[in-house]
Every structure is written in structure tokens, then in C-alpha cells.
Amino acid sequence: MTKIKVGIIGLGEVAQMVHLPILESLSELYEIEAICDISPQLLAKIGEKYRVKHLFLNMSDMLEQSDLDAVFVLNNMEYHTECTIAALNKNIHVFVEKPMCITQGEAHAIIQARDASRAHVMVGYMRRFAPAYLRALEEVKTLGPIIYARVRDIIGPNPFFTRQSTPIYRFNDIPAQAAQDRKERNARLMREAIGDLPDEMYGAYGLLLGLNSHDISAMRELIGMPIGVKAASSWLGGRFKNAIFEYEGFNVTFETGVDQQGRFDGHIEVFGENKSILVQYDTPYIRQLPTTLHINETIGDSFNQSTVRPTYKDAYVVELEYFHEVVSKGLPPKTTPEDYLQDLLIFQMIMDAIQQ
């Protein structure tokens, strides 16, 4: 089995909680060849922990000086486009965590660079690789005409889960200039994405890019692209929002928010006349908590309920096994830049509806 050499760009929370441990566990598939971060102390700590010899403070230096088959772009979203295109220009495959980018213009630039390259780009939408979700894609075909659906993602703060599972290394040595550059990039890209708006609108859009990109992406694969957004609202500085999506023959309600309760309620439920399916997600920050599929069906006088856990294999593991096939065998990515662009179009519909 081909072992591919990867470089990691960004060693923050998601890299430490998810990608680095899984890549290490999949040592027959992956070799962590190089890592990159702007924090010197974090770079040294992770390099020591994972026995990586090639450490870089600069992404360009890593791409120039390392022999890589693929890179994992796990740094802040403001830099995803720059890092992705730089890797593609060297024909290096890219796994980029969601959100792939902030603006539609960036998405088109990534697509153009990908088309000019010999490499693939795969977006990190792990919920769509969960075995229960894959089963739901088949079950939804048995519902008959869909009459209603709902999408919900109301969760507690990430540190509630991370501090009880895996310690996260953080150091106060990020250069002040880098922090300022990120702030300026964010402001510029937000204005480019949705216009010159109040800060609470940028907060609402930021939640769509972060948490809600999972929800919208999974909804779209499961039941298709909505015709439009009939209504939407946002409050608490964009921290909570809801929307009504219009489909042919039915509507979908969407609700989301982040509060201070220590729970994670993310699910998608789709209703037919006599049968419904619900995909229930749990926090990804505690590994091996399975996504489950709940099926209700009425047949004659019988009302049947079942819960399906196809496997305890982590959705992230399935996703990275899939990415290995993309790199080593040329398997077309499931979650492409074009696929992500569809989510940006839905985000724009929601933001337009909020402002009406």
C-alpha cells in the first residue's frame, strides 16, 4: 500500500485533536514529513511529540524544501486560499479543512489553480463521511416524496469538550504583525463576501462558514440544493440564527446557535409520509462518539423505531482513508471546491434574507 508523504500547515486545535493523531494511527498510509506553524514553541512541541524532523515557520519554505505528496491546510481560514494555491502550483495534493475559503472569488481562484495543476483538492467535510450518514443517503431514497425536513446545530463551547478529552498546546509567541495581518485579512474578505455591513452580520456569516458549513453541506448532499431562502433571522451578534429553505414541494427549517451548555445537538431529519430518518451527530472533539441513524416507519398498525450504528469507526478516519485513495489512486474527491462553492451560494441566500 502506497505511503504518502504529507506536510501540515497549521498546528492548532483541529490539528492536535484530530488530524495529527489520526495520521499517526494510519502510519501504513501516511508519513508526516513536515509541519509548519507561525508559533515557534508550538512548532517545536509538536515536532518533538510526533518525531517530525522538518519544521517550518513559513509555508512557502516548507513547500520549497520538502518532498511532499500532499498538504493538510489546517490554519486560519483567512490563509486557506493562499496555502491551497501555493501547493497546487507545485502539483501537491491538498486537503483543506472547512471553510475552504471566505469568498466566492477565492473559490473560483482555487478551482482555476486546481485545473492548471495535476493535483486534487478535497475539502474537510467529515460529517459527510460518517458511516451512518452514508447509510442515510440510501435510506432517504426509500421515503417517497419528501414532505418536510429540519436541520439543527445548537452546541456548547468547544473548550467544554476539549479540556475534558485532549490537552491543547498553546503558546503566546505569535508575532504581533501576524495577528494584525489576520485581522486585516478577515475584515477585507468579509467585506468582499457580503459587503460593508454591521459587525453582527459578519458574526452571522462567520458562524455559517464555521459550524454551519457542516450542516448546509450535509443537507445539500442528502436532499439537494434549495430553490431559495423564504425567511431568515439572526440575533445575539450573529451567534444564533434560523432560516426557512424552499424546496420543490416542501420546506426545510434550519436553526443554529452556540451557548454555554455542555452538549452538542447536531442533526438532520427528513420526513416522508410514512417514514422519517434522522442523522444525529455528536461532538467531534471526543473521538469515537458515533454518528447514529434513527429510522421511524409506520406499516399498517405497526410503528417501528430503530437506531443504526454501522460502525464505531470515526468519521475523520473514514475521510482520511478516502483522501489516501484520492492521492494514491486518483479517486475523484467527494468534497470538491465546486461542491464547497454551492455552500457559499446558500450562505449568500441566507445573508440576503436576514437583511430583508
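User: Happy to be looking at this one with you! How many helices and strands does the chain have?

Analyst: Glad to help! Please keep in mind that this is a predicted model. Counting the secondary-structure elements of the chain gives 12 helices and 14 strands.

User: How does the radius of gyration of the chain relate to the globule rule?

Analyst: Along its principal axes, the C-alpha trace spans about 65 × 50 × 45 Å. For 356 residues the globule rule gives 21 Å, and the chain comes close to that, so it is as compact as a globular protein of that length. The radius of gyration of the chain is 20 Å.

User: What share of the contacts in the chain with a separation of 6 or more comes from residues 24 or more positions apart?

Analyst: Let's put burial beside it: 54% of the 356 residues are buried. Among contacts with a separation of 6 or more, the share that joins residues 24 or more positions apart is 70%.

User: Which residues have the most contacts inside the largest nonpolar core, and which helix gives the most to this core?

Analyst: In soluble globular proteins, nonpolar side chains tend to be buried together. Here the largest nonpolar core has 123 residues, and Tyr-205 and Ile-223 have the most contacts inside it. With 9 residues, the element that gives the most to this core is helix H12, residues 337–354.

User: Is Ile-223 buried or exposed?

Analyst: Ile-223 sits in helix H10, which covers residues 211–223. Its relative accessibility is 15%, and the cut-off for burial is under 20%. Ile-223 therefore counts as buried.

User: What is the separation between the C-alpha atoms of Ile-223 and Ala-149?

Analyst: Setting aside residues up to four places away in sequence, Ile-223 touches Val-140, Ile-146, Ala-149, Tyr-247, Phe-250, Val-252 and Val-270. Ala-149, then, is one of its contacts. The two residues are 74 residues apart along the chain, yet their C-alpha atoms are separated by 8.9 Å.

User: On to the empty spaces: which elements give two or more residues to the lining of the largest cavity?

Analyst: The structure holds 2 cavities of 30 Å³ or more, and about 200 Å³ of space lies in the largest. Its lining has 21 residues, and those closest to the centre are Leu-289, Pro-290, Thr-291, Asp-314 and Ala-315. The elements that give two or more residues to this lining are helix H6 (131–139) and helix H11 (315–329).

User: How do the residues of that lining divide into nonpolar, polar and charged?

Analyst: Sorting the lining of the largest cavity by class settles this nicely. The split is 12 nonpolar, 4 polar and 5 charged.

User: What volume does the second largest cavity have?

Analyst: Its lining is made of Gln-16, Ile-46, Lys-49, Tyr-50, Thr-166, Pro-167 and Tyr-169. By class, these are 4 nonpolar, 2 polar and 1 charged. The volume of the second largest cavity is about 50 Å³.

User: Which element gives the most to the lining of the second largest pocket?

Analyst: This pocket holds about 250 Å³ of space, and of its 13 lining residues the closest to the centre are Glu-31, Ile-32, Tyr-50, Arg-51 and Val-52. Helix H1 (13–25) and strand S2 (30–36) are the elements that give two or more residues to the lining. The one that gives the most, with 4 residues, is S2.

User: And how many residues of each class line the second largest pocket?

Analyst: Here too the lining can be sorted by class. The second largest pocket has 5 nonpolar, 2 polar and 6 charged lining residues.

Technical notes:
Residues are numbered from 1 along each chain as its sequence is written. This is a predicted model: local features need pLDDT of at least 70, side-chain atom pairs count only at pLDDT 80 or more; totals for chains, interfaces and linings use all residues. Side-chain values use heavy atoms; hydrogens and water are left out. A nonpolar core is a set of buried Ala, Val, Leu, Ile, Met, Phe, Trp, Tyr and Cys residues joined through side-chain atoms within 4.5 Å. Buried means under 20% relative accessible area, exposed over 50%, partly exposed in between (1.4 Å probe, protein chains only). Contact means heavy atoms within 4.5 Å. On a 1 Å grid over the protein atoms alone, a cavity is a set of points where a 1.4 Å probe fits but cannot get out, and a pocket is an open set with protein on both sides within 12 Å along at least five of seven lines; lining residues have an atom within 4 Å of a point. Grid points are joined across faces, edges and corners, and a volume is the space filled by probe spheres set on the points. Ala, Val, Leu, Ile, Met, Phe, Trp, Tyr, Cys and Pro count as nonpolar, Asp, Glu, Lys and Arg as charged, and the others, Gly among them, as polar. The radius of gyration is taken over C-alpha atoms; the globule rule is 2.2 Å times the number of residues to the power 0.38.
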